[in-house]
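Trainee: Could you teach me how to read some backbone and packing features in a protein model?
Mentor: Gladly; please bring the model up, and we will take the features one at a time.

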Amino acid sequence: MANISKRNRRREREIKNAAKNRREIIAARLTRRDMIKAGLLTSAGYLIQKNGLSARAQFSGGGSFGDDCDRRWWDGSGGNGTPVSPPTTPFVEPMPIPPIAQTVPALSPAPTVAPNTGAGEGRTRNHQAFTTLPPVKFYEVHQREQLLSMHPELPLQRLWTFNGTVPGQTYVSQYGQPILVRNFNDLPNDNGGFGLQSVSTHLHNGHTPSESDGFPCDFFGQTKWYDQHYPNVLAGFASSHPPTGDIRESMSTLWYHDHRVDFTAQNVYKGLAGFYLLFNQFDTGDETTGFRLPSFPNFDIPMMFNDKNFDPDDGVLAFDLANRDGILGDKFLVNGKIQPFFEVKRRRYRFRWLNGGPSRFYRMYLTKSNLTNHPFWVIANDGNLLPNPVQTTTGLMMGVAERMDVIVDFSSFAAGSIIHIENRLEQCDGAGPTNNILAAGQGNKMLQFRVVSDPVTDNSVDPATNPTFYQVPTRVTERIRRCFEFDRRNGQWVINDELFDCNDVRFRVKRNTAEIWELNGGFNWSHPIHIHFEEHQVLKRNGQTPTLIERARKDVIRLGENDDVEIYFRFRDFVGRYPMHCHNTIHEDHAMMLRFDIDDVGNNNENDCGHH
Amino acid sequence: MPDMNRRKLLATLAVAPLAAGVVGRAATSDNKFKVAESSREKLQKRYFPNFELTTHEGKKVRFYDDLVKDKIVVINFMYVKCEGVCMPVTMNLKKVQNLLGRRVGRDIFMYSITLKPEEDTPRALSRYVQAHKIKPGWTFLTGKPEEINTLRRSLGFKDAKAKLDKDLTNHTGMVKYGNEAREWWAMFPGEANAPWIVECIQWMDGGNAETTGAAGQNKTKRNEPGHNHSKVRNKG
């Protein structure tokens with residue numbers, strides 16, 4: 001009931017504001033032509049439904065705002081869905097597909113096990129698996145500034161990129177083929193108002209040795225470089241399932257992004273993120289073999305979702321440095337473009353959806369032009385294939401950094417049909433969504449699908465036939481149960497009442513053992529909690545068995561207000577330091593993080609679970 | 001507003017976010033944007049109002065011109081009679097000041113701004129400085145209440161929830177740090193470990209922000225196997 005009355009108050013205020021704006025327009029004696037030009041009037045003479053003009057339009061632009069929401073994007077609450085960025089015409093440009101990273105024949109100087117500090121390498125520890133899993137492919141990537149367009153009606157933006165594109169180039173890797181990426185910091189001296197020219201590139205979801213993982217404090221400065229060795233190996237290869245690892249631990253959709261401590265949100269907002277795809281003998285990228293998932297790259301498409309703000313005066317990408325709660329953008333981007341379109345054939349596609357942040361939670365629907373939902377299939381959660389596809393018609397939740405691979409079948413549509421990816425989850429500030437679901441057509445339209453008439457064949461598997469992918473790995477007895485409470489003390493994020501310090505090892509995991517962790521959310525906040533290195537199984541959410549989609553291998557846990565989630569891990573093969581942190585990157589940069597280490601001894605810290 | 005012309009309306013709307021989209025649309029159809037200011041000028045306008053403040057030594061200073069411009073700074077908010085987070089943060093920042101040594105006041109400047117300018121006169125702040133034996137280089141500041149409030153909000157020391165924002169006992173223990181010339185700004189928790197805070201502040205030195213030596217070590221505060229650090233958990 002409280003919620004309803006709050007919404008009524010909000011609506012009253014909306015009506016008042018709308019009336020005030022109308023009075024101002026009348027007082028200013030805008031001509032009819034002025035108003036059409038300004039987009040306030042339709043040619044038929046009706047006032048358009050625009051936030052602040054028509055009270056009914058409040059949810060149609062970029063979301064909504066609540067009573068407590070501040071309205072200036074640079075004033076701490078981050079836009080709140082009120083359009084303050086310059087308007088942009090939706091669906092005028094095709095969605096770009098990031099280029100595939102190309103190998104180099106060799107690197108000079110040749111990579112070494114020990115950090116090549118003398119030649120400018122910023123790494124501080126030896127590679128753990130360089131000789132046992134020697135790299136067979138080499139890449140060179142330069143982090144540098146590039147002028148790029150995010151929308152034709154906005155000026156070119158000075159973005160920070162991996163080799164010149166946003167998202168960065170997509171790495172296409174195979175299990176069994178370790179690679180090495182030489183990662184150069186060529187960022188410019190002038191940051192254009194936000195961002196730090198010091199970086200640590202994290203491969204999100206990788207079974208990666210710590211020194212290549214992109215730990216937040218393994219950063220390196222301008223002119224330096226850092227060799228990152230990605231073994232592309234299944235968990236268990238050196239422990240429970242020698243020599244090649246447990247096939248049930250296969251990962252598919254990974255991404256990489258900057259993770260520089262205290263500056264991750266700024267650096268990623270500026271463009272430092274991209275995809276990393278892993279294939280194997282089942283998930284082959286060829287729809288005539290293995291699991292027969294839609295073929296890469298024509299029908300297997302990565303999509304990175306972001307929301308951003310642009311300065312209303314000059315159209316330049318804007319990051320609110322005074323925001324501590326979470327930045328909400330009023331422009332929605334897919335693969336670096338604001339509201340692009342994408343032409344699809346009348347067949348099945350695999351889309352690899354990623355919530356690239358910085359802070360917003362999404363609930364994605366496929367909205368047909370008659371405002372009904374088009375059902376689709378979820379095949380992977382956080383980049384890990386589910387045992388079987390799960391169909392959804394009720395929208396798909398995605399916290400920051402979560403990936404959802406989906407199969408969408410366009411074969412039932414006539415050529416010329418239009419379908420939108422639409423976020424219908426209401427969120428008015430960085431604290432978390434209101435959990436109101438907006439009506440179809442009233443949410444944030446992210447992307448427009450346009451069905452084209454080309455004749456097509458489709459050899460991909462029909463998810464309705466219930467194909468089987470990987471089973472969730474069987475569990476072994478845990479060595480320890482640890483519990484973590486996420487809270488906020490006078491604006492400072494605490495985990496079990498303690499603050500972050502990169503040098504403080506909060507607990508030690510014994511290598512090749514299993515653990516159960518309980519994560520507890522605090523009042524008033526929602527957090528996507530990410531744990532590096534080993535994906536986990538969700539055992540229980542608030543005492544209940546999780547949904548079929550969440551009953552998966554994951555690396556991000558959505559922790560709503562007072563949620564209590566129980567997860568299972570098996571930390572295998574590698575040692576070193578890793579973080580657990582909130583992936584609302586604004587919370588993360590305000591130190592909502594802890595460090596744990598994996599070693600061969602372990603300890604029992606953080607095991608006070610109160611009720612046990 | 002009968003005399004308001006179109007230009008004036010557009011100017012008004014530009015600062016009224018509810019309708020800012022309206023203005024932008026007009027600008028876009030002309031395909032023209034204002035010539036961009038430098039990003040540094042923009043940051044100054046948005047976050048660092050140049051209000052006149054008074055130091056605990058009674059000196060009049062301008063916030064941007066005299067305190068922030070071209071400097072590495074550490075900024076927090078507090079008040080003298082605070083019984084909450086202020087004292088632990090002040091005590092912790094004293095450790096930070098000691099660890100930074102002579103750099104404080106030379107190229108790193110620490111500022112604590114009062115949340116209660118009505119009662120925290122320069123004299124009251126001066127007594128606080130003396131009572132806690134705070135060394136030079138760390139300046140306590142007061143000013144006009146409405147300007148202090150604007151300053152606080154501009155700098156990001158506020159809560160998005162209006163009710164919490166008004167509750168002084170809930171005021172943030174976060175501390176802003178940055179390098180104005182390089183346009184680097186971030187925050188650390190004021191109660192974090194002092195050596196860690198010192199590392200963060202030293203990143204603002206410029207040049208190459210490289211992996212710190214300390215981050216490469218494993219400082220093991222509680223690494224003995226089997227050791228539990230006990231603490232009361234507030235379930236539910």
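The dialogue below goes through peptide bonds, phi angles, a helix pair and a nonpolar core.

Mentor: Please keep in mind from the outset that this is a predicted model.

Trainee: Where does the chain have a cis peptide bond before Pro167(A)?

Mentor: Let me begin with the general idea, which is that most residues other than glycine have a negative phi, and most peptide bonds are trans. Here the bond from Val166(A) to Pro167(A) is cis, with omega near -5°, and Pro167(A) sits in the loop between strand 2 (157–162) and strand 3 (168–174) of chain A. The bond from Pro242(A) to Pro243(A) is also cis, with omega near -5°, and Pro243(A) belongs to the loop between strand 8 (225–230) and strand 9 (253–258) of chain A.

Trainee: Turning to phi, is Asn542(A) buried or exposed?

Mentor: Asn542(A), which has a positive phi of about 50° although it is not a glycine, lies in the loop between strand 31 (536–541) and strand 32 (553–554) of chain A. Because only 12 or fewer neighbours within 10 Å are allowed for an exposed residue, Asn542(A), with 11 other C-beta atoms within 10 Å, is exposed.

Trainee: And is Asp573(A) buried or exposed?

Mentor: Asp573(A) has a positive phi of about 80° and is found in the loop between strand 34 (564–571) and strand 35 (576–582) of chain A. It has 26 C-beta neighbours inside 10 Å, and therefore counts as buried.

Trainee: At what angle do helix 5 and helix 9 of chain B pack?

Mentor: Helix 5 (residues 86–100) and helix 9 (residues 194–202) of chain B pack at about 60°, and their axes are 9 Å apart, which means that helix 5 of chain B is oblique to helix 9 of chain B. The crossing of these two helices of chain B is right-handed. Among the residues that make the contact are Val96(B) and Leu99(B) from helix 5 of chain B, and Ile197(B) and Ile201(B) from helix 9 of chain B. By class, this contact has eight nonpolar, one polar and one charged residues.

Trainee: How many residues are in the largest nonpolar core?

Mentor: The general idea is that, in soluble globular proteins, nonpolar side chains tend to be buried together. In this model the largest nonpolar core has 189 residues, and those with the most contacts inside it are Trp353(A), Val406(A), Val74(B) and Tyr177(B). Leaving aside residues up to four places away in sequence, Tyr177(B) touches several residues, including Val74(B), Phe188(B), Ile201(B) and Met204(B). Ile201(B) thus appears in both pictures, as it also belongs to the helix 9 side of the helix contact in chain B.

Definitions and conventions: Residues are numbered from 1 along each chain as its sequence is written. Chains are lettered from A and ligands numbered from 1 in the order in which they are written. This is a predicted model: local features need pLDDT of at least 70, side-chain atom pairs count only at pLDDT 80 or more; totals for chains, interfaces and linings use all residues. Helices (H or I, at least four residues) and strands (E, at least two) are DSSP runs, numbered from the N terminus. A residue is buried if 20 or more other C-beta atoms lie within 10 Å of its own, exposed if 12 or fewer, and partly exposed in between; C-beta atoms are placed from the backbone. Axes are lines fitted to C-alpha atoms, for helices over the stretch in contact, and angles run from 0 to 180 degrees between N-to-C directions. Angles under 35 degrees count as roughly parallel, over 145 as roughly antiparallel, 65 to 115 as roughly perpendicular and the rest as oblique. A crossing is left-handed if the near helix is turned anticlockwise from the far one by less than a right angle, and right-handed if clockwise. Two residues are in contact if their C-beta atoms, placed from the backbone, lie within 7 Å. Ala, Val, Leu, Ile, Met, Phe, Trp, Tyr, Cys and Pro count as nonpolar, Asp, Glu, Lys and Arg as charged, and the others, Gly among them, as polar. A nonpolar core is a set of buried Ala, Val, Leu, Ile, Met, Phe, Trp, Tyr and Cys residues joined through C-beta atoms within 7 Å.
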